[in-house]
Amino acid sequence: MLRNPSIKYQPFPPVNLPDRQWPNRKIERAPIWCSVDLRDGNQSLPCPMNVSQKLEFFRELVRIGFKEIEVGFPSASNTEFRFLRRLIEDNLVPDDVWVQVLVQAREELIEKTIEALRGVKHAIIHLYNSTSPSQRKIVFGLDKNGIKEIAVRGTRMVKERLPRLAGSQIIYQYSPESFSATEVEFALEVCTAVMEEWGATPEKKIILNLPETVEVATPNVYADQVEWFIRNLPNRESAIISVHTHNDRGTGVAATELALLAGAERVEGTLFGNGERTGNLDIVTVALNLYTQGIWPGLDFSQIEHTRTIYERCTGMTVHERQPYSGELVFTAFSGSHQDAIKKGFAAMAKAGPNAIWDVPYLILDPQDIGREYREVIRVNSQSGKGGVSYLLESEFGIYLPRPLQIEFGAFANDRIDEIGREVTAAELKQIFWEEYVEPNSPYELIHFHADGVDGVVGCRVSLMKNGEEIRISGEGNGPLAALAAALQSAGESPFEVSFYSEHSLGEGTDATAISYIQVKRPEGLARFGVGVDTSIELASVKAMLAALNRLHRDETQKSH
Ligand code: KIV
Ligand code: ZN
């Protein structure tokens with residue numbers, strides 16, 4: 001890289017618009033959306049879609065709610081031509097959907113396009129030519145008049161052929177390609193001439209599409225260009241202003257959103273941002289951004305996984321894990337503090353009721369609104385802590401760890417997962433929990449426990465394996481657990497007390513079992529939790545006490561070595 005890049009690269013000149021209005025505006029409604037997946041998206045694929053893939057994609061776009069769909073470049077290839085014919089001849093385009101076709105300002109291509117459109121109900125004919133200084137100089141070798149003439153002549157050629165599409169409703173769209181790199185005054189001059197040639201009126205509006213074919217500046221510059229253009233356009237009410245951004249600087253979404261503030265009414269883009277180089281604008285992101293501001297976008301992404309599957313199957317592309325809204329990991333928190341906050345947020349939402357305003361830290365949208373599941377939200381790796389760990393045990397297995405155990409197991413699980421060195425599944429996490437808290441069985445393993453009592457005094461008889469030998473013991477207390485503690489201590493166990501107890505049921509109905517959490521504590525302070533599971537609450541607590549003592553013994557032995 002150059003230490004002084006200014007000898008090779010120049011900053012893009014700003015637009016002179018000191019009284020720009022867009023920074024003070026808000027986006028208050030959804031724009032008209034036009035999907036260009038089947039054209040701009042398709043032409044960027046290493047392996048472009050065939051007719052049946054395009055058909056599957058088209059149906060999905062219709063299902064989502066697109067009313068304008070650029071279906072291809074019918075003069076460019078046989079597949080493109082056949083696809084449009086198939087849509088028309090098999091009557092596959094709903095009455096409220098406009099198919100859009102792209103064409104360059106060349107007579108033979110316009111001819112072929114008109115032929116492909118025969119019998120269409122509603123179509124947008126989209127003509128473009130490039131207008132920027134570098135395209136004028138390097139690609140076309142033409143001056144400004146020459147470039148303007150291409151646009152006007154192309155428009156005339158389309159207009160002259162319209163009688164051949166009698167019976168069809170046609171809207172005309174013109175794009176000064178590379179608009180964002182074109183002097184605004186010249187882009188305006190070309191578009192004004194095209195509008196005049198077409199005879200645009202408020203009843204017969206033209207679509208003026210202002211492409212950011214290549215991002216060359218910060219998004220505020222594009223917004224200035226769009227606002228300047230709109231404010232200076234004669235006959236403004238005869239045009240629909242459309243934007244079409246790409247993503248070379250990674251700000252395609254921002255550029256579109258600022259252009260909407262600047263007055264654009266229509267947005268072209270693709271699902272998940274597929275498109276040339278770094279891609280087109282990702283319409284999913286802009287639409288769902290609107291949704292999170294309380295605005296219905298007019299596009300239904302409530303089955304986003306399904307949409308993504310179709311997209312991946314048809315295009316052969318994949319959606320990046322971090323792609324806003326649609327990426328696999330975008331609703332997932334691994335970090336402990338994030339998990340904690342999300343868990344609290346979910347609990348607060350549950351308490352606030354179904355009509356509460358969404359307010360969950362780290363999640364700008366309720367994943368369920370777009371068909372994603374809460375179970376994806378919290379995943380556990382070595383960065384996770386008590387929040388994530390306990391959330392997973394709760395949501396997957398109905399195990400509600402008491403808070404002191406959440407803290408203890410959170411730290412323990414964290415160390416174990418660090419050793420494992422990867423994300424763990426919920427089942428693996430439960431296994432870690434079971435091995436540590438439920439399964440320790442030495443020195444004590446329960447064989448049989450029976451308790452009964454009168455007048456608040458409970459007596460118990462217990463058979464146990466102790467260090468591999470069966471023993472029978474008995475004791476009394478004010479409940480079964482106190483009786484067990486007495487029995488154990490009379491059989492040589494060092495003094496201890498129950499310092500924590502809680503239990504709840506696991507599952508429902510006849511399959512329900514009980515899970516019991518007990519902490520035992522030596523007089524000198526060492527304390528350990530144990531967990532027991534059984535169909536009987538009493539036995540669950542007995543097992544929990546023995547597991548706690550077993551853990552205590554293990555750790556005392558380790559300490560003394
Ligand atoms: O990016 C672009 O400029 C285009 C035009 C054809 C609209 O795709
Ligand atoms: Zn494009």
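Q: How many bridges join strand β13 to β14?
A: Strands count as paired if DSSP finds at least two bridges between them. Elements are DSSP runs numbered from the N terminus: strands are E, at least two residues, and helices are H or I, at least four. Here eight bridges link β13 (residues 513-521) with β14, and the two run antiparallel. Opposite Val520, in β14, stands Arg528.

Q: What is the basis of these values?
A: The model is predicted: local features need pLDDT of at least 70 and side-chain atom pairs pLDDT 80 or more, while totals for chains, interfaces and linings use all residues. Residues are numbered from 1 along each chain as its sequence is written, chains are lettered from A and ligands numbered from 1 in the order written, and side-chain values use heavy atoms, without hydrogens or water.

Q: Which strands lie at the edges of that sheet?
A: Start with the order. The open sheet has three strands, β12-β13-β14, paired antiparallel. Its edge strands are β12 (497-506) and β14 (527-534), each pairing on one side only. Neighbouring strands are turned by 15° against each other on average, with direction ignored.

Q: Which helix packs on the sheet?
A: Look for contact, meaning heavy atoms within 4.5 Å. For angles, axes are lines fitted to C-alpha atoms, for helices over the stretch in contact, and the angle between N-to-C directions runs from 0 to 180 degrees. Helix α15 (residues 426-438) touches β13 and β14, and its direction makes about 110° with that of β14.

Q: What is the strand order in the other open sheet, the one with β10?
A: The order is β9-β10-β11, again three strands with antiparallel pairing. At the edges stand β9 (444-454) and β11 (469-477); each has a single partner strand, so one side of each is left without a neighbour in the sheet. From one strand to the next, the twist averages 15°. Nine bridges join β10 (residues 457-466) to β11. Arg461 has Ser474 as its bridge partner in β11.

Q: Which strands does helix α16 touch?
A: Helix α16 (residues 480-490) packs on the sheet against β9, β10 and β11, at about 125° to the direction of β11. Helix α17 (residues 537-560) also packs on this sheet, touching β9 and β10, and makes about 135° with β9.

Q: Is the peptide bond from Ser442 to Pro443 cis or trans?
A: Most peptide bonds are trans, and most residues other than glycine have a negative phi. The bond from Ser442 to Pro443 is cis, with omega near 10°. Pro443 sits in the loop between α15 and β9. Ser178, not a glycine, has a positive phi of about 65°. The loop between β5 and α7 (184-198) holds Ser178.

Q: Which polar side chains reach oxygen atoms of ligand 1?
A: A polar contact is a pair of N or O atoms within 3.5 Å. Arg39 places a polar side-chain atom 2.9 Å from a ligand oxygen. For Asp40 the distance is 3.1 Å. An N or O atom in the Thr213 side chain is 2.6 Å from an oxygen of the ligand. The protein covers 96% of the 260 Å² of accessible area that ligand 1 has on its own (Shrake-Rupley, 1.4 Å probe). Elements giving two or more residues to the shell are α1 (37-43), β4 (122-130), β5 (169-177) and β6 (206-212).

Q: Which residues surround ligand 1?
A: A residue is near the ligand if one of its heavy atoms lies within 4 Å. Among those around ligand 1 are His126, Tyr128, Glu177, His244 and His246.

Note on methods
A polar contact is a pair of N or O atoms within 3.5 Å; within protein, one must be able to donate a hydrogen and the other to accept it, and residues adjacent in sequence count only if both atoms are side-chain atoms.
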